[in-house]
Amino acid sequence: MTIGGALGNPIAGVVIEGRGYAALGWAVMGVTVIALAIVAWLMPNPTPKSATVPDLPPNAAVALPAPHRTKRLLMGMRCLPTLFYGMLSVLVPLMLNDLSGSKVMVAAYGTSTLVVASITQLLAGRAADRWGARGPTLFAYAVLVVVGLGLAFNTQSVVGLFGFGVMGIAAAWALSALMFVWVADGIPKTHHPSTFGALHAVWSLSMIGGSLFGSWLMGIGAALPFLLFGLLNVGSMFLALAYYGWQGITRF
């Protein structure tokens with residue numbers, strides 16, 4: 001998926017500048033029809049496999065609190081960075097387009113975010129395998145705070161918007177990968193389906209809220225949405241500390 005996006009963004013930029021949005025629309029519909037045909041032809045019909053999985057995560061060192069309490073913490077840990085991500089996904093490309101006047105620049109930004117974010121997800125996963133998810137989670141939240149401040153002071157700089165935007169998307173993607181580890185670390189397996197359902201609902205609502213509220217704040221001041229949503233993730237760090245503190249996990 002990421003490779004397709006990385007290749008498609010620059011192609012889209014060239015098509016838009018050379019042929020316009022109508023040509024891009026026809027090209028996208030053609031590719032979609034081809035993809036659907038291939039999926040319908042090759043998609044297997046998997047059969048569920050039975051497996052014996054312990055009800056509690058293996059690294060739970062102490063008795064876990066009630067699942068609904070940890071779910072609320074997880075929802076906050078998911079909500080606050082996604083508000084930032086939703087705002088970032090909408091505003092930075094628009095600002096880059098306004099400042100540079102180049103669709104290719106916007107496409108290059110999109111490609112760079114996909115490549116860097118994919119690498120960052122792999123690194124976050126390796127770090128969680130080695131040290132656990134607590135440290136990488138706190139680090140990613142800290143990066144979002146720094147990115148918010150950096151963007152707030154670089155609203156008129158193409159280089160600043162590009163660089164800090166890529167960093168912010170990468171940190172948000174890392175947190176998306178770590179979310180699965182959060183659930184495995186602190187939620188009994190019987191509650192996994194409802195927890196993931198709630199977290200995905202929170203993700204969708206936060207994306208909408210971040211993009212809409214961030215755009216509204218942009219009308220007041222260009223730096224305001226970045227500053228506000230970036231500093232919100234200081235709260236995310238405290239939520240993560242509380243979540244892992246309840247489980248007796250305090251290292252890194």
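The accessible surface of the protein comes to about 13500 Å², and 73% of that surface belongs to carbon and sulfur atoms. The model is predicted. The exercises below work from the whole chain down to single residues.

**Exercise 1. State how many helices and strands the protein has, and give their order along the sequence.**

Solution.
- Step 1: count the elements. There are 8 helices and 0 strands.
- Step 2: read along the sequence. The pattern is α-α-α-α-α-α-α-α.

**Exercise 2. Find what share of the residues is buried, and what share of the contacts joins residues at least 24 apart.**

Solution.
- Step 1: take burial. The protein has 252 residues, and 38% of them are buried.
- Step 2: take contacts between residues at least 6 apart in sequence. Of these, 83% join residues at least 24 apart.

**Exercise 3. Describe the largest pocket: its volume, its lining and the elements that supply the lining.**

Solution.
- Step 1: give the volume, about 270 Å³.
- Step 2: list the lining. The residues are N9, A12, G13, I16, Y21, P93, L94, N97, K103, V106, A107 and G110.
- Step 3: assign elements. Helix 1 (2-19), helix 3 (67-100) and helix 4 (103-131) each give two or more residues to this lining.
- Step 4: sort by type. The lining divides into 7 nonpolar, 4 polar and 1 charged.

**Exercise 4. Place S211, decide whether it is buried or exposed, and find the partners of its side chain.**

Solution.
- Step 1: locate S211. The residue lies in helix 7 (residues 192-218).
- Step 2: check the area. S211 has a relative accessible area of 17%, and the cut-off for buried is under 20%, so S211 is buried.
- Step 3: look at the side chain's polar atoms. One lies 3.1 Å from the backbone oxygen of M207. The backbone oxygen of I208 lies 2.9 Å from a polar atom of the S211 side chain.
- Step 4: leave aside neighbours within four places in sequence. S211 is then in contact with G86, M87 and V90.

**Exercise 5. Decide whether L212 is buried or exposed, and give its C-alpha separation from M87.**

Solution.
- Step 1: locate L212. The residue is in helix 7.
- Step 2: check the area. The value is 59% and exposed means over 50%, so L212 is exposed.
- Step 3: turn to M87. L212 and M87 are 125 residues apart along the chain, yet their C-alpha atoms are separated by 7.5 Å.

**Exercise 6. Work out the surroundings of A128 in helix 4.**

Solution.
- Step 1: check burial. A relative accessible area of 12% falls under 20%, so A128 is buried.
- Step 2: list contacts, not counting residues up to four places away in sequence. A128 touches A133, P136 and L178.
- Step 3: compare sequence and space. A128 and V181 are 53 residues apart in sequence, and 8.0 Å apart C-alpha to C-alpha.

**Exercise 7. Which side chain makes a polar contact with the side chain of K71, and is K71 buried or exposed?**

Solution.
- Step 1: locate K71. The residue is found in helix 3.
- Step 2: check the area. K71 has a relative accessible area of 19%, which is under 20%, so this lysine counts as buried.
- Step 3: find the polar partner. The side chain of S194 makes the polar contact, at 2.8 Å.
- Step 4: add the other contacts. Not counting residues up to four places away in sequence, K71 touches I187, H191, S194 and T195.

Conventions. Residues are numbered from 1 along each chain as its sequence is written. This is a predicted model: local features need pLDDT of at least 70, side-chain atom pairs count only at pLDDT 80 or more; totals for chains, interfaces and linings use all residues. Side-chain values use heavy atoms; hydrogens and water are left out. Helices (H or I, at least four residues) and strands (E, at least two) are DSSP runs, numbered from the N terminus. Buried means under 20% relative accessible area, exposed over 50%, partly exposed in between (1.4 Å probe, protein chains only). Contact means heavy atoms within 4.5 Å. Accessible areas come from the Shrake-Rupley method with a 1.4 Å probe; for residues, only the protein chains shown count as cover. On a 1 Å grid over the protein atoms alone, a cavity is a set of points where a 1.4 Å probe fits but cannot get out, and a pocket is an open set with protein on both sides within 12 Å along at least five of seven lines; lining residues have an atom within 4 Å of a point. Grid points are joined across faces, edges and corners, and a volume is the space filled by probe spheres set on the points. Ala, Val, Leu, Ile, Met, Phe, Trp, Tyr, Cys and Pro count as nonpolar, Asp, Glu, Lys and Arg as charged, and the others, Gly among them, as polar. A polar contact is a pair of N or O atoms within 3.5 Å; within protein, one must be able to donate a hydrogen and the other to accept it, and residues adjacent in sequence count only if both atoms are side-chain atoms.
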